[in-house]
Amino acid sequence: MNQQTEQSQPAAPVAPHYFTVQQFTAKHPAFPLGTLRHQIFYENTNGLKKSGAIVRNGRRVLIREDKYFAWLEAQNQGGK
């Protein structure tokens, strides 16, 4: 009898989701365009740049969704 052993293959890494500011506000209406632009303008002082949530590709500004929400939760922790 031949026993077949199942070899588990590592799962392919999931690509992060990047959105333009307009796409992000369309997907998440709780975050108005002006609020995001304000946060991006002050990214050096509010910790958003350090979090890695903002990526620039030429002139295009992209928001990495998972890191943005992690940064937002970290901001909320400071209010406790």
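Which residues are buried in α2? Keep that question in mind while you orient yourself in this model, which is predicted.

**The whole chain**

Colour the protein chain by secondary structure, and you will find five helices and three strands, which run from the N terminus in the order β-α-α-α-α-β-β-α. If you then colour by accessibility, buried residues make up 25% of the 80 residues in the chain. Among the contacts with a separation of 6 or more, 47% are between residues 24 or more positions apart.

**Helix α2**

Now select α2 (33-41) and show its side chains: Leu36, Gln39 and Ile40 are the buried residues. Look down the axis of α2, and these buried residues fall within an arc of 100°, so they line one face of the helix. Turn to the other side of α2, where Gly34 and Phe41 are exposed. To see what covers the buried residues of α2, add the surrounding elements, which include α1, α3 (43-46), α4 (48-51), β2 (54-57), β3 (60-64) and α5.

**The sheet**

Next, hide the helices and keep the three strands, which form an open sheet in the order β1-β3-β2 with antiparallel pairing. The edges of this sheet are β1 (18-20) and β2, each of which pairs on one side only. Neighbouring strands are turned by 40° against each other on average, if direction is ignored.

Follow β1 along β3, and you will pass three bridges in the antiparallel sense; at this border, select Tyr18, which stands opposite Arg64 in β3. Then move to β2 and β3, which pair in the antiparallel sense over four bridges, with Arg56 standing opposite Val61 in β3. These two strands, β2 and β3, form a hairpin with two residues between them, and Gly58 in the turn has a positive phi of about 70°.

**Helix α5**

Bring back α5 (residues 65-77), a helix of 13 residues that reaches 19 Å from its first C-alpha to its last, close to the 18 Å expected at 1.5 Å a residue. Select Glu65, Tyr68 and Trp71, which are buried in α5. Seen down the axis of α5, its buried residues fall within an arc of 125°, so they line one face of the helix. Show the neighbours of this face as well, since the buried residues of α5 pack against β1, α1, α2, α3, α4 and β3.

With the sheet displayed again, you can see that α5 packs on the sheet and touches β1 and β3, and that the direction of α5 makes about 65° with that of β3.

**The aromatic rings**

For the last stop, display the side chains of Phe, Tyr and Trp; the structure holds nine aromatic pairs. Centre the view on Phe31 and Tyr68, an edge-to-face pair with 5.7 Å from centre to centre and 90° between the planes. Because Phe31 lies in the loop between α1 (21-27) and α2 while Tyr68 belongs to helix α5, the pair ties together parts that are 37 residues apart in sequence. Which of the two states, buried or exposed, applies to Phe31 and Tyr68? Both residues are buried.

Finally, extend the selection to Phe19, Phe24, Phe69 and Trp71, which ring pairs link together with Phe31 and Tyr68 into a cluster. Trp71 and Tyr68 were already part of your α5 selection, as buried residues of that helix.

Conventions
Residues numbered from 1 in each chain as written. Heavy atoms only, no water. Phe/Tyr/Trp six-rings, centres within 6.5 Å; stacked < 30°, edge-to-face > 60°. Buried < 20%, exposed > 50% of the residue type's maximum accessible area, 1.4 Å probe, protein only. Arc of directions from axis to C-beta. Contact = heavy atoms within 4.5 Å. Pairing = 2+ DSSP bridges. Axes fitted to C-alpha atoms, helices over the stretch in contact; angles between N-to-C directions. Expected span 1.5 Å × (residues − 1).
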